[in-house]
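This report walks through one protein chain, starting on one helix and moving outward. Please keep the structure open while reading.

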Amino acid sequence: MKGYPDIRMRRLRQSRSIRRLFDAPLPGPEKFIWPLFVAEGSGKREAIDAMPGQYRLSPDTLCREVEASVKAGIGGVLLFGLTEEEKKDGSGTEACCSTGSVQQAVRVLKKEFPELTVMTDVCLCAYTSHGHCGPLTGSGDVDNDGALEQLARTALSHAEAGADCVAPSAMMDGQVQAIRSALDGEGFKDTLLMSYSTKFASSMYGPFRDAEQSAPGKGDRQGYQQSYRDKRQAVRESLLDENEGADILMVKPALMYLDIIKEIRERTELPLACYNVSGEYSMMIASAERGWGDLKAMVRESVAAMDRAGSDIIISYWAGRYNEIFTD
Ligand code: PBG
Ligand code: ZN
């Protein structure tokens with residue numbers, strides 16, 4: 001057979017020092033965004049059962065929690081708000097409250113770490129009594145246009161608190177445009193908008209819904225989140241948000257959607273984020289705890305995959321454990 005054994009691939013792999021000449025670097029800390037859960041009150045640091053190593057924090061404890069990661073040089077944080085059960089209502093009114101947990105957390109973080117990029121998740125499911133991402137119509141559907149107003153108010157309240165970037169995740173049609181025009185209308189022309197542009201109806205959000213206490217009471221999110229069996233529509237979702245004025249696009253989850261990341265990467269010049277979701281985080285921990293894999297090695301390999309697929313930034317709970325996982 002021509003070419004064999006004249007071509008010896010193993011020559012390029014014979015030692016660590018030769019291999020590393022050609023190995024692409026893993027993304028540095030500056031490419032990672034750490035999603036964090038912010039609860040009301042003070043002095044709180046509640047372990048999240050389904051996400052070992054992640055906590056529900058009150059605004060005051062948040063600063064201490066992120067200090068080491070900020071020193072490690074992570075690219076930013078993405079805040080998810082929680083509210084008390086009795087403050088939830090049909091339309092998620094509490095989400096835009098200027099004294100809500102996220103709004104307070106943004107203010108303390110920007111004061112403590114002015115250089116840290118602070119992003120906020122903009123959705124209503126943690127604030128609605130029924131757990132859906134928008135108010136319901138009489139027939140029990142999620143009311144798209146009703147959600148837009150509340151989402152825009154919520155994004156505005158985050159920008160007013162000082163958020164650098166707002167990130168709508170409700171998958172309502174027109175949410176990017178609605179939020180962009182609300183921000184511009186109030187003079188927040190420099191507030192970035194990162195759209196959860198292709199967000200799949202995924203079974204990998206389980207641990208997050210435990211953390212956020214935001215599972216829909218009835219039904220599921222397939223009426224607004226993207227079906228993973230329709231690739232063309234998945235790509236359209238992101239391209240549409242580019243047209244509506246998003247600054248950054250996103251694919252979520254990440255590991256089961258590397259093909260989608262690659263496809264969207266090739267069809268836009270916008271920056272592209274991927275969201276390495278809770279189920280992807282917890283499944284590696286569960287596997288490692290059973291002795292079925294080495295945690296550091298599995299996480300590094302998965303991060304290399306997200307990077308190769310074309311993600312510019314990686315939103316991941318591992319950001320909070322950057323030194324543990326990525327330094328030797
Ligand atoms: C809700 C929201 C979800 C996540 C981010 N924002 C869950 C959902 O859609 O049910 C998932 C994040 C994760 O699993 O890490 N708008
Ligand atoms: Zn939601």
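On helix 5, the face turned away from the buried side carries the exposed residues Gln177 and Gly185. Here exposed means over 50% relative accessible area, buried means under 20%, and partly exposed lies in between (1.4 Å probe, protein chains only). Helices (H or I, at least four residues) and strands (E, at least two) are DSSP runs, numbered from the N terminus.

This is a predicted model, in which local features need pLDDT of at least 70, side-chain atom pairs count only at pLDDT 80 or more, and totals for chains, interfaces and linings use all residues. Residues are numbered from 1 along each chain as its sequence is written, chains are lettered from A and ligands numbered from 1 in the order in which they are written, and side-chain values use heavy atoms, with hydrogens and water left out.

**Helix 5 and its cover**

Which residues of helix 5 are buried? In this helix (residues 175–185) they are Gln175, Val176, Ile179, Arg180, Ala182 and Leu183. Seen down the helix 5 axis, these buried residues fall within an arc of 165°, so they line one face of the helix. The arc is that of the directions from the helix axis to the C-beta atoms. An α-helix has 3.6 residues a turn, so residues three or four places apart point the same way.

What covers that buried side of helix 5? The cover includes strand 5 (118–122), helix 4 (144–161), strand 6 (165–168), strand 7 (192–193) and helix 7 (231–243). Helix 5 is followed by glycine 187, whose phi is positive, near 85°.

**Two residues around the helix**

Serine 169 is found in the loop between strand 6 and helix 5. Is serine 169 buried or exposed? Its relative accessibility is 2%, so serine 169 counts as buried. Contact means heavy atoms within 4.5 Å. Leaving aside neighbours within four places in sequence, serine 169 is in contact with Asp121, Val122, Cys123, Gln175, Tyr196 and Lys199. Gln175 is also one of the buried residues of helix 5. The C-alpha atoms of serine 169 and threonine 198 are separated by 9.4 Å, with their positions 29 residues apart along the chain.

Leucine 192 lies in strand 7. At 35% relative accessibility, leucine 192 counts as partly exposed. Again leaving aside neighbours within four places in sequence, its contacts are Asp164, Cys165, Val166, Arg180 and Asp247. Arg180 belongs to the buried set of helix 5. Tryptophan 34 is 158 residues from leucine 192 along the chain, and their C-alpha atoms are separated by 17 Å.

**Salt bridges**

Side chains of opposite charge can pair when their charged atoms come close. A salt bridge is a side-chain nitrogen of Lys or Arg within 4 Å of a carboxyl oxygen of Asp or Glu. By this rule the count comes to 17. Three pairs are listed here.

| Basic residue | Acidic residue | Closest N to O distance |
|---|---|---|
| Lysine 88 | Glutamate 85 | 3.5 Å |
| Arginine 300 | Aspartate 328 | 3.2 Å |
| Arginine 321 | Glutamate 324 | 2.9 Å |

Aspartate 328 and arginine 300 form a salt bridge. This pair links distant parts of the chain, 28 residues apart: aspartate 328 is in the segment after helix 11 (322–326), and arginine 300 is in helix 10 (residues 295–309). Aspartate 328 counts as exposed, at 86% relative accessibility.

Burial varies among the other partners. Lysine 88 counts as buried at 12%, whereas glutamate 85 counts as exposed at 53%. Arginine 321 is buried, with a relative accessible area of 18%. Its partner glutamate 324 is partly exposed at 42%. Elsewhere, Lys231, Asp259, Glu263 and Arg267 are linked in a network of salt bridges.

**The chain as a whole**

The chain has 11 helices and 11 strands. Buried residues make up 52% of its 328 residues. Its radius of gyration is 20 Å, which agrees with the value near 20 Å for a compact globule of 328 residues. That radius is taken over C-alpha atoms, and the globule rule is 2.2 Å times the number of residues to the power 0.38. Along its principal axes, the C-alpha trace spans about 70 × 45 × 40 Å. Among contacts between residues at least 6 apart in sequence, 74% join residues at least 24 apart.
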